[in-house]
Amino acid sequence: MFGKFLLTVAVIAIIWFGYKYLGHLAELKRRDSSPRPSERPGREPRDAKVDAEAMVECRVCGTWQPSRTARSCGKADCPY
Ligand SMILES: [Zn+2]
């Protein structure tokens with residue numbers, strides 16, 4: 001009876017620690033894949049900061065827009 005109880009506790013503990021370990025691994029992986037330009041200058045950034053860095057200036061109207069969502073400002077020779 002007591003041995004079975006101990007076994008159950010051991011199994012729960014193993015599952016618990018395994019779960020925590022997997023979570024730890026997942027967090028490491030997430031941290032590794034999320035770019036930090038100061039720490040990983042060679043990596044291609046993928047988060048929202050990219051849009052802020054990839055700003056393009058309109059030659060005609062002189063406004064700055066994120067290159068992905070750049071729209072025409074309405075002027076005839078606006079490149080967007
Ligand atoms: Zn423009």
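A contact is a pair of residues with heavy atoms within 4.5 Å. The views below show a predicted model.

**View 1. The whole chain, with two helices and two strands.** The elements follow the order α-α-β-β along the sequence. Among contacts with a sequence separation of 6 or more, those between residues 24 or more positions apart account for 2%. Of the 80 residues, 6% count as buried. The chain exposes about 7,100 Å², and 61% of this area is supplied by carbon and sulfur atoms.

**View 2. Residues 6-22, listed by UniProt as "transmembrane region".** The UniProt entry carrying this annotation is unreviewed. In the model, the span is 100% helix and 0% strand. Its end C-alpha atoms lie 24 Å apart.

**View 3. The zinc ion and its four cysteine donors.** The SG atoms of C58, C61, C73 and C78 coordinate the zinc ion at 2.2 to 2.4 Å. Along the sequence, the donor residues have the spacing C-x2-C-x11-C-x4-C. The angles between the four donor atoms run from 81 to 175°, so the arrangement is square planar. A tetrahedral assignment would need all angles to lie between 85 and 135 degrees. For reference, the ideal angle for four tetrahedral donors is 109.5 degrees. The structure holds zero disulfides.

**View 4. Solvent accessibility of the donor cysteines of the zinc ion.** Residues count as buried under 20% relative accessible area and as exposed over 50%, with partly exposed in between. C58 has a relative accessible area of 1% and is therefore buried. C78, at 10%, also counts as buried because its value falls under the 20% cut-off. C61 has a relative accessible area of 23%, so C61 is partly exposed. C73 is at 37% relative accessibility and therefore counts as partly exposed.

**View 5. Surroundings of C78, a donor to the zinc ion.** C78 is found in the segment after β2, the strand formed by residues 64-66. Leaving aside residues up to four places away in sequence, C78 touches C58, V60, S72 and C73. Of these contacts, C58 and C73 are also donors to the zinc ion. C78 and R59 are 19 residues apart in sequence, while their C-alpha atoms are 7.3 Å apart in space.

Technical notes: Residues numbered from 1 in each chain as written. Predicted model: local features only at pLDDT ≥ 70, side-chain atom pairs only at ≥ 80, totals over all residues. Heavy atoms only, no water. Helix = DSSP H or I, 4+ residues; strand = E, 2+ residues; numbered from the N terminus. Buried < 20%, exposed > 50% of the residue type's maximum accessible area, 1.4 Å probe, protein only. UniProt positions renumbered as here; feature names shortened; annotations may be inferred. Donors = N, O, S within 2.8 Å, 3.2 Å for Na, K, Ca; no water. Tetrahedral: all angles 85-135°; square planar, octahedral: opposite > 155°, others 65-115°. Disulfide = S-S within 2.5 Å. Areas by Shrake-Rupley, 256 points an atom, 1.4 Å probe, with all protein chains shown as cover.
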